[in-house]
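Got your viewer open? Here's a walk through the model, one selection at a time.

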Amino acid sequence: MTNVPNIILVGPMGAGKTTIGRLLSQSLAREFYDSDKVIEENAGADIPWIFDKEGEEGFRKRETCTLVQMLNHQDDRIVLATGGGIVTRDENRKLLCDSNALVVYLYASVAQQLHRTSKSNHRPLLQNGNPKATLKKLFQVRDPLYREVANVIVETDSRHPKSVANKALDAIKRHLKTEKTLFNANVNR
Ligand SMILES: Nc1ncnc2c1ncn2[C@@H]1O[C@H](COP(=O)(O)OP(=O)(O)O)[C@@H](O)[C@H]1O
Ligand SMILES: O=C(O)C1=C[C@@H](OP(=O)(O)O)[C@@H](O)[C@H](O)C1
Ligand SMILES: [Mg+2]
């Protein structure tokens, strides 16, 4: 599938962006990047450390720089998994919408987000207070923002990662086919 543009995955914590992104990159024989990992490599420190020393604002600045860096990537087309908060800055949403990338929103219910994030402690926003209430609050604010930037939405609840990756690939192909049909219809008008 050489005609598939850069693929960028957005969605809440625990939607499976990192996991599905890696699987998609293998299916498409592409480089895989995770914006959180790139931020950590650039900073020489992990995300909990960045939140602790620079606050969320410091992390968001680094996240925007990383998004710009990844969108300017000169190599072959890539698959990029983002962090769940990438859509919170207007600037980032504009970057995503103005890019040629195909943006996939991996949807997960709050119950699934909670279940899938409960096994790890590397997400600073879920370390204090009530994780369920936090995820619910974030989802209310962010779900419309994910929808605003997405070309394709893939539901991930009660599915194995491999079937979600296959479902995403099918949805991407369908989207590209529709775009091509619309383009041809306009050209032949
Ligand atoms: N579709 C899925 N079904 C079951 N578990 C999943 C699914 N997608 C991801 N997971 C698991 O959920 C956890 C969080 O996934 P991750 O890819 O880190 O999410 P994100 O990057 O969106 O925060 C991991 O343990 C992963 O193995
Ligand atoms: O939702 C968020 O604001 C965040 C999500 C995390 O990434 P994942 O969505 O991959 O967990 C990471 O970027 C950071 O902890 C903040
Ligand atoms: Mg991730």
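A word on labels before we start: helices here are DSSP runs of H or I with at least four residues, numbered from the N terminus. By that count, R60 is found in helix 3, and we'll come back to R60 later on. Keep in mind that this is a predicted model.

**Stop 1: the sheet**

Switch to cartoon and pick out the strands. You should find an open sheet of five, in the order 2-3-1-4-5 and with parallel pairing. At the edges sit strand 2 (31-34) and strand 5 (152-155), each of which pairs on one side only. Neighbouring strands are turned against each other by 20° on average, direction ignored.

**Stop 2: strand 1 and its partners**

Select residues 7-10, which make up strand 1. Which way do the side chains go? I7 and L9 point one way, I8 and V10 the other, and all of them are buried. That fits the general pattern: in a regular strand the side chains alternate between the two faces of the sheet.

Now add the partners. Strand 3 runs parallel to strand 1 and is joined to it by three bridges; look for I8, whose bridge partner in strand 3 is L80. Strand 4 also runs parallel to strand 1, with four bridges joining the two. Here L9 stands opposite V104 in strand 4.

Stay on V104 and carry on outward. Its bridge partner in strand 5 is V152. Strand 4 covers residues 102-107, and its parallel pairing with strand 5 runs over four bridges.

**Stop 3: a bent helix**

Next, select residues 47-71, helix 3. How far apart are its end C-alpha atoms? They are only 21 Å apart, although the helix has 25 residues and a straight one would reach 36 Å at 1.5 Å a residue. Zoom in on E54 as well: a kink of about 120° is centred there.

Then colour the buried residues of helix 3: I47, I50, F59, R62, E63, T66, L67 and M70. What do they pack against? Their neighbours are strand 2, helix 2 (35-43), strand 3 (78-81) and helix 4 (90-98).

**Stop 4: positions from the UniProt record**

The last selection comes from an unreviewed UniProt entry. Under "binding site" it lists T18, and under that heading it also gives D36, R60, G84 and R142. These annotations may be inferred rather than shown by experiment. Show the side chains of T18, R60 and R142, and take them in turn.

- T18 has its place in helix 1 (residues 17-27). It counts as partly exposed because 16 C-beta neighbours lie inside 10 Å. Leaving aside neighbours within four places in sequence, T18 is in contact with D34 and A81.
- R60 brings you back to helix 3. With 18 other C-beta atoms within 10 Å, R60 is partly exposed.
- R142 is found in helix 6 (residues 131-149). Buried or exposed? R142 is buried, because it has 20 other C-beta atoms within 10 Å and the cut-off for buried is 20 or more. Not counting residues up to four places away in sequence, R142 touches P12, V87 and T88.

To finish, keep R60 and R142 on screen together. Both are on the record's "binding site" list, yet R60 is partly exposed while R142 is buried.

Methods. Residues numbered from 1 in each chain as written. Chains lettered and ligands numbered in written order. Predicted model: local features only at pLDDT ≥ 70, side-chain atom pairs only at ≥ 80, totals over all residues. Pairing = 2+ DSSP bridges. Axes fitted to C-alpha atoms, helices over the stretch in contact; angles between N-to-C directions. Buried ≥ 20, exposed ≤ 12 C-beta atoms within 10 Å, placed from the backbone. Contact = placed C-beta atoms within 7 Å. Expected span 1.5 Å × (residues − 1). Bend = angle between axes of the 7 residues up to and from the residue.
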